[in-house]
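Work through these exercises with the model open beside you. Try each task before reading its solution.

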Amino acid sequence: MYDPITMRLNADPMILSALKEDITSEDVTTNSVMPKARLGEVDLICKEAGVICGLDVFARVFELLDDEVEITLFVKDGDRVSAGERMAKLRGDIRTLLSGERTALNYLQRMSGIATYTNSIVKLLEDTKIKLLDTRKTTPNNRVFEKYAVRIGGGYNHRYNLSDGVLLKDNHISAAGGVKEAVQMAKGYAPFVRKIEVETETLEMVKEALEAGADIIMLDNMTPEVMKEAVLLIDGKAEIEISGNVTRENIERIKGLGVDYISSGALTHSAPILDISLKNLRPIS
């Protein structure tokens, strides 16, 4: 759940931007059919089963439009919901309910879809000690929402942004002149509290990362056979992360390799939305 400070500092500016994108001057359709304020209620209905996420953000959309809107929630983030389930009731000026509907649902559907997809993969890893990580492959200006959804789904966040940790990828290594040089330069520059992770694509790069003293070695886009050799080579001298086109459909082939982490950009860039609607709008006065 978002605390009030996090909401105001991080979420509110993004939500307001989304509302401004959808309402540049007025909601001409709503103003046509509802020229004056009128109290009404509407139900939040889930149209398919999944893990709900983003209820605070959903509610905040309406609160930023009108702080008199009342929202009664019947579920909480992380709950599994069923098709046809009534998850909330909204009460307020019908004009606000209509104007905020699409933006609020966009957040809730997207976040719930990510949480649902993440949870489906987490369940495949239940018999292991592997932590499922997200990546920075997020929708611009929506990272705060999407990474939160990964956590609600049972996954873990990799670094939040470029200021959050050292991850030496192929182009960093090329710029530095090699794995050894890149690790040495990172150790000389980065604060000692930060771990240094190196992305490797070959067994030779794995050896170089080990010799340079990398804390975490990422095995990127390797075949299962090469990954097995890499794990034996590392032999507990560094933490191991597997990455590269990892999805729900192919994770079984790698979960028994004895690694610490599996990261997947698909958690945020390929998760389908969860179908959710506002239904049964009714005037009450």
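**Exercise 1. The end of a helix**

Which residue follows α9, and what is the sign of its phi?

Solution. The model is predicted, so local features need pLDDT of at least 70 and side-chain atom pairs count only at pLDDT 80 or more, while totals for chains, interfaces and linings use all residues. Residues are numbered from 1 along each chain as its sequence is written, and side-chain values use heavy atoms, with hydrogens and water left out.

Step 1. Locate the helix: α9 spans residues 224-234. Helices are DSSP runs of H or I with at least four residues, strands are runs of E with at least two, and both are numbered from the N terminus.

Step 2. Read on along the chain. D235 follows α9, and its phi is positive, near 50°.

Step 3. Set this against the general rule. Most residues other than glycine have a negative phi.

**Exercise 2. The two sides of α9**

Find the buried residues of α9, then say what they pack against.

Solution. Step 1. List the buried residues: M227, A230, V231 and I234. Buried means under 20% relative accessible area, exposed means over 50%, and partly exposed lies in between (1.4 Å probe, protein chains only).

Step 2. Check their directions. These residues cover an arc of only 100° around the axis, so they sit on the same side of α9. The arc is that of the directions from the helix axis to the C-beta atoms.

Step 3. Turn to the face away from the buried side. E225 and L232 are exposed there.

Step 4. Name the partners. The buried residues of α9 pack against α8 (203-212), β9 (216-220) and β10 (239-243). Contact means heavy atoms within 4.5 Å.

**Exercise 3. Repeat for α8 and α7**

Apply the same analysis to α8 and to α7.

Solution. Step 1. In α8, the buried residues are M205, V206, A209 and A212. Their arc is only 130° around the axis, which puts them on the same side of α8.

Step 2. Buried residues of α8 pack against α6 (170-176), α7 (179-189), β8 (196-200), β9 and α9. Just after α8 comes G213, with a positive phi of about 90°.

Step 3. In α7, look for V179, A182, V183 and A186, which are buried. They span an arc of only 95° around the axis, and therefore lie on the same side of α7.

Step 4. Cover for the buried residues of α7 includes β7 (166-168), α6, β8 and α8. The face turned away from the buried side of α7 carries M185 and G188, both exposed.

**Exercise 4. Two asparagines**

Where do N221 and N280 lie, and what is the phi of N221 and of N280?

Solution. Step 1. N221 sits in the loop between β9 and α9. Its phi is positive, about 55°, although N221 is not a glycine. N221 counts as partly exposed, at 49% relative accessibility.

Step 2. N280 belongs to strand β12 (residues 276-283). N280 is not a glycine either, yet has a positive phi of about 65°. At 47% relative accessibility, N280 is partly exposed.

**Exercise 5. E41 and its contacts**

Is E41 buried or exposed, and which residues does E41 touch?

Solution. Step 1. Find E41 in strand β1 (residues 39-46). E41 is buried, at 11% relative accessibility.

Step 2. Leave out residues up to four places away in sequence. E41 then touches K89, L90, R91, L97, N280, L281, R282 and I284. N280, from the previous exercise, is one of these contacts.

Step 3. Compare with V193, 152 residues away along the chain. The C-alpha atoms of E41 and V193 are separated by 52 Å.

**Exercise 6. The nonpolar core**

Which residues have the most contacts inside the largest nonpolar core?

Solution. Step 1. Define the core: a set of buried Ala, Val, Leu, Ile, Met, Phe, Trp, Tyr and Cys residues joined through side-chain atoms within 4.5 Å.

Step 2. The largest core has 78 residues, and L44, L219 and I262 have the most contacts inside it. α4 gives the largest share of this core, eleven residues.

Step 3. Take I262. Beyond its neighbours within four places in sequence, I262 contacts residues including L125, I130, L132, L133 and I242.
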